[in-house]
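I sat down with this one to see how the strands and helices are put together. My notes follow in the order I looked things up.

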Amino acid sequence: MPKEHNRFVCQACGAVAARWAGKCEACGEWNTLVEQAAQPRPGPGGKPATPGRRVAFVDLAADSEPAPRILSGIAELDRVLGGGFVPASAVLVGGDPGIGKSTLLLQAAAALARAGRRVLYISGEESVEQVRLRARRLGLIDSPLQLGAATNLTDIGASLEAERDAALVVIDSIQTIWVEALESAPGTVAQVRASAAELIRLAKTAGFALVLVGHVTKEGAIAGPRVLEHMVDAVLYLEGDRGHQFRILRGVKNRFGATDEIGVFEMTERGLAEVANPSALFLAERRGNIAGSAVFAGLEGTRPVLMEVQALLAPNPGGAPRRSVLGWDGARLAMLLAVLEARCGLRLAGNDVHLNIAGGLRVGEPAADLAVAAALASAAADRPTDAGMLYFGEVGLSGEVRQVAQAEARLKEGAKLGFTGATLPRRLTRANRPFAVPEGLRLREIGHLSELVGEFAEAGKR
Ligand code: TYD
Ligand code: MG
């Protein structure tokens, strides 16, 4: 009989190690390894006790219906889901504590229940009375939503096993659910994984759409929804700054749709309100006449979104100059500063550089390069950018301005919001598809970043 060793499981990423260490080899987190009893081996010699059954293989080309969808009635949520919930699937909704996950799901669940579907909301964190109180505040109290407070997986399993017509089941949150058979505390990787696996199995057999709510700390540690990402069909993150009123629901994995969609919400006293026109919200507090600000026509999924890039140059008191970035990639800023310095002759090495995407948004697109460069050049020349101008384009290492996708959609969004000009990559006649330019929008096409920098320097001299 082989001796059974205990193993150590990282609570952040789920990696298994043979012995304890202060730092997880796999994800680099500290103090996350927790000892767990080894799983009993199946049968002698590691062979399963019963012989396996043969798998039935089928043709790839066989007919299958597209998954039917259950619309939550919240358009921003449905879009991120790829067109609504899919029956017999599991969705993880993650986010920082207090960001509004419970609020969003209560609203969606109540709306669906109002539309005549059977919806169960199982709260492990709050009592039924607390959920009721929130529903009352949100004006949802008349919805026929079914509430339950439970944390024991056996109880929940017994209740869901008998469910035949539930359309949606929400578990808020997966970190509170525990399995009796496991010794570890609720919220540990072992518990979260075991309860999620059982809940997902129930969803697949009973045919309801399952939503698991999971907390993530800023570091992504402790709570462990990362280990769940592999198990579920879709992963959505609700993000935002608690200091700001808007929240972004972002799809990071979706087996039934695209992952780059976002939903934009505003947190109000009456819950999360959908924001149909995010650009107007993000630009609401912009002042046109300040140097160091430029409007970027970005793309979030299929949707164009305008946002303000702000740059501030401060004289460096000595020592290494600071580069602080909020909402953009620090490495990309360093690259852009180097290009501005080496290719365009803009001296910034003696300055501290602060860069911010206003409103707490986070931009991942290289297309923002041109807007960031415009904000920096404008700050350096102490001349505001034209308030009616928007910018997009990627900048290469030699300072060349490169094409980005969906120029037409970006221009259209700008025209819709009253912009009168756009600075964009010069179109190469052969390579580019022609695109329609909205009326009233003047295009300024540039091929090299120095053209943009020169413009500000000229304006500065005048
Ligand atoms: P909640 O949904 O409980 O967050 P989570 O489930 O992600 O932990 O929302 C928490 C915050 O939202 C709370 O600080 C109060 C705020 N809030 C509002 O501003 N308006 C509302 O109508 C509700 C219900 C909450
Ligand atoms: Mg909550």
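Before the hairpin, a definition: I count two strands as paired if DSSP finds at least two bridges between them. I also keep in mind that this is a predicted model.

**Entry 1: the hairpin**

I began with strand E13 (residues 293–300) and strand E14 (residues 303–315). The two run antiparallel and are joined by 8 bridges. Which residue of this hairpin takes a positive phi? I found glycine 301, with a phi near 70°, in a hairpin that has 2 residues between the strands. Next I looked up bridge partners in E14: leucine 299 has proline 304, and glycine 298 has valine 305.

**Entry 2: how covered is E13?**

I checked burial along E13, and 8 of its 8 residues are buried. In a regular strand the side chains alternate between the two faces of the sheet, so I went through the faces one by one. Ser293, Val295, Ala297 and Leu299 are on one side, and Ala294, Phe296, Gly298 and Glu300 are on the other. Both faces turn out to be covered, as every one of these residues is buried. I noted that Glu300 is on that buried list as well.

E13 also pairs with strand E17 (residues 389–391), this time parallel, through 2 bridges. Here valine 295 stands opposite leucine 390 in E17.

**Entry 3: the sheet around it**

I then traced the sheet that holds E13. What is the order of its strands? I read E15-E16-E14-E13-E17-E20-E21, an open sheet of 7 strands with mixed pairing. Strand E15 (323–326) and strand E21 (442–446) are the edges, each pairing on one side only. Ignoring direction, neighbouring strands are turned by 25° against each other on average.

Two helices lie across this sheet. Helix H9 (residues 369–381) lies across E13, E14, E16, E17, E20 and E21, and runs at about 30° to E14. Helix H10 (residues 407–416) lies across E13, E14, E17, E20 and E21, and runs at about 80° to E14.

**Entry 4: the three-stranded sheet and a cysteine**

I moved on to an open sheet of 3 strands, in the order E2-E1-E3 with antiparallel pairing. Its edge strands are E2 (16–17) and E3 (33–36). Strand E1 (residues 7–10) pairs with E3 over 4 bridges, and arginine 7 stands opposite glutamine 36.

How many disulfides does the structure hold? I got 0. The nearest cysteine sulfur to that of cysteine 24 belongs to cysteine 10, 3.7 Å away. A disulfide needs the two sulfur atoms within 2.5 Å, and cysteine 24 is in none. Cysteine 24 counts as buried because its relative accessibility is 4%, with the cut-off being under 20%. Cysteine 344 is buried too, at 15%.

**Entry 5: a glutamate in H1**

Is glutamate 76 buried or exposed? It lies in helix H1 (residues 75–80), and at 5% relative accessibility I put it down as buried. Leaving out residues up to four places away in sequence, glutamate 76 touches Ile262, Gly263, Val264, Phe265, Glu274, Val275 and Arg303.

**Entry 6: two helix pairs**

Helix H4 (residues 153–161) and helix H5 (residues 189–206) pack at about 5°, with axes 10 Å apart, so they are roughly parallel. Leu153, Ile156, Gly157, Leu160 and Glu161 of H4 meet a set of H5 residues, including Ala194, Glu198, Leu199 and Arg201. I sorted the residues of this contact into 7 nonpolar, 2 polar and 3 charged.

Helix H2 (residues 101–114) and helix H3 (residues 128–137) cross at roughly 70°, and their axes come within 11 Å. H2 is therefore roughly perpendicular to H3. In this contact Ser102, Thr103 and Leu106 of H2 meet Val131, Arg134 and Ala135 of H3. The split is 3 nonpolar, 2 polar and 1 charged.

**Entry 7: the whole chain**

Last, I stepped back for the overall figures. I have 11 helices and 21 strands in the chain, and its C-alpha atoms fill a box of roughly 80 × 55 × 50 Å along the principal axes. Of the 462 residues, 47% are buried. Among contacts between residues at least 6 apart in sequence, 67% join residues at least 24 apart.

Terms used: Residues are numbered from 1 along each chain as its sequence is written. Chains are lettered from A and ligands numbered from 1 in the order in which they are written. Side-chain values use heavy atoms; hydrogens and water are left out. Axes are lines fitted to C-alpha atoms, for helices over the stretch in contact, and angles run from 0 to 180 degrees between N-to-C directions. Angles under 35 degrees count as roughly parallel, over 145 as roughly antiparallel, 65 to 115 as roughly perpendicular and the rest as oblique. Contact means heavy atoms within 4.5 Å. Ala, Val, Leu, Ile, Met, Phe, Trp, Tyr, Cys and Pro count as nonpolar, Asp, Glu, Lys and Arg as charged, and the others, Gly among them, as polar. Buried means under 20% relative accessible area, exposed over 50%, partly exposed in between (1.4 Å probe, protein chains only).
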